[in-house]
Amino acid sequence: RTFMSLPCSSLSRNEEHAKIKPKLVLYMAYILGCEQLLRYILLLHGFGEAQMIGVANPLHGFSPRHRIRVGEQFFFKKISLEGDIVIDRDKMQALIDKKLRPGAVFSIKSVIEVKEQIEELLGQAGYSKAEVRIVDEVDQQSKLVSLKFVIDSNKRITVRRITFQGN
């Protein structure tokens with residue numbers, strides 16, 4: 001199982017909650033037994049494994065009891081760019097180097113921010129349909145994560161003519 005296996009639709013919503021009140025969201029994930037939210041919050045802080053064991057449902061009158069097993073923190077090993085490098089590689093590498101450095105604690109939030117910044121940079125260069133995929137390789141023994149940002153630029157969009165009519 002890789003780190004990038006969380007559904008993207010839940011990431012933005014969970015990320016907003018985690019920014020506002022991380023302790024409250026962590027507590028609610030614990031109380032409600034939401035393993036996916038708990039796992040996401042722990043991924044924000046570099047923990048690669050989180051598992052709830054023995055969840056009792058609080059909606060059926062039971063008091064919630066959970067045992068949470070949290071793994072060790074993971075760190076970045078190598079971050080690289082691959083695919084259609086249609087704009088200056090140094091500009092894209094600078095975006096990566098601002099947030100992600102080898103040896104730093106793994107944070108899925110930082111990875112997603114860099115992905116969005118690269119897509120925005122490509123969009124400003126005329127590649128509005130560009131996609132950036134993240135491929136991760138996790139070394140469980142050494143607790144290191146290698147990332148590849150794979151760029152698919154698609155076609156460049158240009159404006160040929162603008163016509164004004166009327167006033």
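**Figure 1. A nonpolar patch on the surface of the predicted model.** In this predicted model, Val 159, Ile 162 and Phe 164 together make a nonpolar surface patch of about 420 Å². One of these residues, Val 159, is found in the segment that comes after β5, and with a relative accessibility of 66% Val 159 counts as exposed, because the cut-off for that class is over 50%.

**Figure 2. The two sides of helix α4.** Met 92, Leu 95 and Ile 96 are the residues of α4 shown here as buried, and because they cover an arc of only 95° around the axis, they lie on the same side of α4. An α-helix has 3.6 residues a turn, so residues three or four places apart point the same way. Asp 90, Lys 91 and Lys 98, by contrast, are exposed on the other side of α4. The buried residues of this helix pack against β3 (75-83), α5 and β5.

**Figure 3. The largest nonpolar core and the surroundings of Ile 118.** The largest nonpolar core holds 29 residues, of which Leu 100, Ile 118 and Phe 149 touch the most other members. The elements that give two or more residues to this core are α3 (35-44), β3, α4, α5, β4 (131-139) and β5, and α5 gives the most, with seven residues. Leaving aside residues up to four places away in sequence, Ile 118 touches Leu 81, Met 92, Leu 95, Ile 96, Val 132, Phe 149 and Ile 151; Met 92, Leu 95 and Ile 96 are the buried residues of α4 named in Figure 2. In soluble globular proteins, nonpolar side chains tend to be buried together.

**Figure 4. Ser 107 in the loop between α4 and α5.** Ser 107 is found in the loop that runs between α4 (89-99) and α5 (108-124). With a relative accessible area of 12%, Ser 107 counts as buried, because the cut-off for that class is under 20%. When residues up to four places away in sequence are not counted, Ser 107 touches Leu 43, Leu 44 and Phe 76.

**Figure 5. Asp 152 in strand β5 and its contacts.** Asp 152 lies in strand β5, which covers residues 144-152, and at 34% relative accessibility this residue counts as partly exposed. Asp 152 touches Asp 84, Lys 129, Ala 130 and Glu 131, again without counting residues up to four places away in sequence. Asp 152 and Glu 82 are 70 residues apart in sequence, and from C-alpha to C-alpha they are 9.1 Å apart in space.

Notes:
Residues numbered from 1 in each chain as written. Predicted model: local features only at pLDDT ≥ 70, side-chain atom pairs only at ≥ 80, totals over all residues. Heavy atoms only, no water. Helix = DSSP H or I, 4+ residues; strand = E, 2+ residues; numbered from the N terminus. Buried < 20%, exposed > 50% of the residue type's maximum accessible area, 1.4 Å probe, protein only. Contact = heavy atoms within 4.5 Å. Arc of directions from axis to C-beta. Core = buried A, V, L, I, M, F, W, Y, C linked by side-chain atoms within 4.5 Å. Patch = residues over 30% accessible without salt bridge, like charges linked within 9 Å, V, L, I, M, F, W, Y side chains within 5 Å. Areas by Shrake-Rupley, 256 points an atom, 1.4 Å probe, with all protein chains shown as cover. Salt bridge = Lys/Arg side-chain N within 4 Å of Asp/Glu carboxyl O.
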